[in-house]
Amino acid sequence: MFGLRLSSGGGPRYPPLMADDDSRTGSTYLTPSIVDWLATTHAPNDPALQAAYDTPKETGIPAIHVGASEGKVLAMLLRLASARRVVEIGTLAGYSTIHLARALPDDGHVHSVEFDPKHAELARANLARAGLAHKVTVHIGPALEVLPTLVPYGPFCAVFVDADKGNYDHYGAWAAAHVRKGGLLLGDNAHYFGNLLDDSAPAAAMRRFHEQARSFFDTVCIPTPDGLLLGVRK
Ligand code: SAH
Ligand code: DHB
Ligand code: MG
């Protein structure tokens, strides 16, 4: 008989039962070693992903890419949505971009927007090494200027927002206008580094991003370490 009994009678192996929402008390059970073990178990980086993951520490650009598990969450959500045309706002060295591009069919495409030419160049090299150059265009420029030029490639199946937090409300509004019904809005750093409720302009922009998204998408905030807003276009 396989272990269908959930409790073995050998004394409690877990903390007392409580709703998961009680992680609001500050305990998410997500220790650094558990984060690493889970990523190794479910979302290991292959050499192309690892190269993009390591580019920041090797080149001195900021190491602010998504985690390995979050990258895989992005990819699996795109697969579930049968995504083909995707916009990413904030490329960095292309780590999340590789996850996104791999989740698409061969004729799918990621338009990734990056305003720092050095980041864009590193990303293009990482994408080429991953064999994904044909599936991704890295557009260089401030997203608010580049996004209008992407409209002819839409409507889009998903928009992943991961750039300057003070403009998230604008990026969310653009996504609402250009994502197809059933398509996805994905927003990294939706907890705004723990400052979501602060009295600052970017915190207010992030709250508007959440609130406006709710009008156009069916939404939930997935409690990754810094929050991933997920919306399905109504
Ligand atoms: N999505 C990447 C990480 C992006 S980090 C990953 O997970 O691998 C955020 C990136 O957004 C940085 O490279 C930064 O240069 C870029 N960025 C910041 N403000 C921007 C803007 N207004 N327009 C376009 N890119 C911007
Ligand atoms: C920063 C930006 C990000 O998108 C992120 O995921 C982590 C950190 C930053 O600007 O510090
Ligand atoms: Mg981020």
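Entry 1, conventions. I count Ala, Val, Leu, Ile, Met, Phe, Trp, Tyr, Cys and Pro as nonpolar, Asp, Glu, Lys and Arg as charged, and the others, Gly among them, as polar. The model is a predicted one, in which local features need pLDDT of at least 70 and side-chain atom pairs count only at pLDDT 80 or more, while totals for chains, interfaces and linings use all residues. Residues are numbered from 1 along each chain as its sequence is written, chains are lettered from A and ligands numbered from 1 in the order in which they are written, and side-chain values use heavy atoms, with hydrogens and water left out.

Entry 2, the magnesium ion. I looked up the coordination of the magnesium ion (ligand 3) and found Asp162 (OD), Asp188 (OD) and Asn189 (OD1) at 2.0 to 2.1 Å; donors are N, O and S atoms within 2.8 Å of the metal (3.2 Å for Na, K and Ca), and sites may look incomplete because water is not among the atoms. Along the sequence I read the spacing of these donor residues as D-x25-D-N. Distant parts of the chain are linked here, since Asp162 sits in the loop between strand 4 (156–161) and helix 7, whereas Asp188 belongs to strand 5 (residues 179–188), 26 residues apart. Helices (H or I, at least four residues) and strands (E, at least two) are DSSP runs numbered from the N terminus.

Entry 3, ligand 2. Around ligand 2 I list Ile64, Asp162, Lys165, Asp188, Asn189 and Phe193, a residue being near if one of its heavy atoms lies within 4 Å. By class this shell holds two nonpolar, one polar and three charged residues. Which residues bring a polar side-chain atom to an oxygen atom of ligand 2? Asp162 does so at 2.8 Å, Asn189 at 2.8 Å and Asp188 at 3.1 Å, each a polar contact (a pair of N or O atoms within 3.5 Å). The protein buries 64% of the 290 Å² that ligand 2 exposes when taken alone (accessible areas from the Shrake-Rupley method with a 1.4 Å probe). I note that Asp162, Asp188 and Asn189 are also the residues that coordinate the magnesium ion.

Entry 4, ligand 1. I find 21 residues surrounding ligand 1, the closest being Gly90, Ser96, Glu114, His119 and Asp162. The shell divides into ten nonpolar, six polar and five charged residues. In the side chain of Ser96 an N or O atom is 2.8 Å from a nitrogen atom of the ligand, in that of Asp164 the distance is 3.1 Å, and a polar side-chain atom of Tyr171 lies 3.4 Å from a nitrogen atom of ligand 1. Taken alone, ligand 1 exposes 580 Å², of which the protein buries 92%.

Entry 5, the second largest pocket. I noted about 610 Å³ of space in this pocket; a pocket is an open set of points on a 1 Å grid over the protein atoms alone, with protein on both sides within 12 Å along at least five of seven lines, a cavity is a set where a 1.4 Å probe fits but cannot get out, and lining residues have an atom within 4 Å of a point. Of its 26 lining residues, Val35, Gly67, Ala68, Glu70 and Pro225 lie nearest the centre. Helix 1 (32–42), helix 2 (47–59) and helix 3 (68–80) each give at least two residues to the lining, and the largest share, five residues, comes from helix 1. I sorted the lining into 14 nonpolar, seven polar and five charged residues.

Entry 6, the cavity. How many cavities of 30 Å³ or more does a search of the whole structure find? I found one, with about 40 Å³ of space. Its lining includes Asp169, Leu185, Phe209, Gln212 and Phe217, and helix 7 (168–178) and helix 8 (201–216) each supply at least two of the residues.

Entry 7, backbone. Most residues other than glycine have a negative phi, and most peptide bonds are trans. I recorded a cis bond from Gly154 to Pro155, with omega near 0°, and Pro155 is placed in the loop between helix 6 (143–150) and strand 4. Ser82 has a positive phi, near 50°, and lies in the loop between helix 3 and strand 1 (85–89).

Note on methods
Grid points are joined across faces, edges and corners, and a volume is the space filled by probe spheres set on the points. A polar contact is a pair of N or O atoms within 3.5 Å; within protein, one must be able to donate a hydrogen and the other to accept it, and residues adjacent in sequence count only if both atoms are side-chain atoms.
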